[in-house]
Each structure stands twice: as C-alpha cells, then as structure tokens.
Amino acid sequence: MFKKKGFSLIELMLALAIVGVIYSIAFPSYAKYQDRADVVRAVSDLSAISQALERHFASENNYPNTLAEFGWQLNDPWGNPYYYTNIAATKGKGALRKDKNLVPINADFDLYSAGKDGETVGPLTAKSSRDDVIRAGNGAFFGLAEDY
C-alpha cells in the first residue's frame, strides 16, 4: 500500500560513514602529495636563482649582497621570501648554514627556503631547520635539509 520514498536514517548514516572513511584515507595522501609538490617547486626556484647568481658571478666576478639588489622578489611556495647570504660579504661563520658537524654547507653563497613552518636556524640538525629546502655543496645538492 505505502511505497517508501527517500532514505531511512540507517541508510543515510551508512552512506556518511563510507564517505568519512574515504575522506580519512584520501585527505592525508593528498596533503602529502601537496607537500611534495611544494618542495619540488621550491627546489626548482632555488635552482633557477642559483643559476642566475652563477651567471652574474661569471660576468661581474662577484655575487650580489642581497637578492633584492639582484632583482629577485620571489617567495617560496609557503609565502615566505627565499633567504640568501653572500658568504664573501659575511664576517664570521655565525650566519652560515651548517651541517651536522657544524661545517658550512657552501663556500660561495647560501640560498634556501625556511620550509613549510617558516622557521629556520643555522644548523640543519635543528628541529626548525629540518623542513628547510636548501642549496648545499656549492650547488651539488638541492632538496630538504633532513635529506642532506
């Protein structure tokens, strides 16, 4: 006599539970994918800036003191400016990026992004520096500080 139209409460709750399970599996995977894509973009930017600085050095026989002086106003994927230090213009080793043995990772210039958290300190082993995207080995390495 009566024909049911629509969903029962149990059917609706079951559908919501299925959507919730799919979301809980898919969202973390997507977030990891997005993080990797941001790191790849930062590596690409650092590589391009590094090549431009090397071309400048080849023609002028010096590195600029700041990226702004060089004409770069580029931000990393997380909205923070890229950090640059001309090592020749730096007095002392306090401002330089250092590896686990506290040895500077570059001899010409430091170029890096503070990473997703936007925080950084000199030694790469510090917790706030592990997510930094760096240039190391005078351009032989570009990637996450924790991988160096």
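Arg41 and Asp45 form a salt bridge in this predicted model, with their closest N and O atoms 3.8 Å apart. Both residues belong to helix H1, where 4 residues, about one turn of the helix, separate them. The two partners differ in their surroundings: Arg41 is partly exposed, at a relative accessible area of 39%, whereas Asp45 is buried, at 13%.

That pair has company, as the structure holds 5 salt bridges. Here are three pairs, including the one just described.

| Salt bridge | N to O distance |
|---|---|
| Arg41 and Asp45 | 3.8 Å |
| Asp132 and Arg97 | 3.0 Å |
| Asp108 and Arg135 | 2.9 Å |

Let's look at where the last of these sits. Asp108 is in the loop between E1 and E2 and Arg135 is in strand E3, so this pair links distant parts of the chain, 27 residues apart. Asp108 counts as buried at 14% relative accessibility, and Arg135 counts as buried at 1%. Glu54 joins these two residues in a network of salt bridges.

Now for the other loop pair, whose side chains meet between Asp132 and Arg97. Asp132 lies in the loop between strand E2 (109–113) and strand E3 (133–136), and Arg97 in the loop between strand E1 (83–86) and E2, so the pair ties together parts that are 35 residues apart in sequence. Both Asp132 and Arg97 are buried.

Finally, a look at the surface. Phe7, Leu9, Leu12, Met13 and Leu16 make a nonpolar patch of about 620 Å². One of them, Met13, is found in helix H1 (residues 9–60) and is exposed, with a relative accessible area of 51%.

Note on methods
Residues numbered from 1 in each chain as written. Predicted model: local features only at pLDDT ≥ 70, side-chain atom pairs only at ≥ 80, totals over all residues. Heavy atoms only, no water. Patch = residues over 30% accessible without salt bridge, like charges linked within 9 Å, V, L, I, M, F, W, Y side chains within 5 Å. Areas by Shrake-Rupley, 256 points an atom, 1.4 Å probe, with all protein chains shown as cover. Salt bridge = Lys/Arg side-chain N within 4 Å of Asp/Glu carboxyl O. Helix = DSSP H or I, 4+ residues; strand = E, 2+ residues; numbered from the N terminus. Buried < 20%, exposed > 50% of the residue type's maximum accessible area, 1.4 Å probe, protein only.
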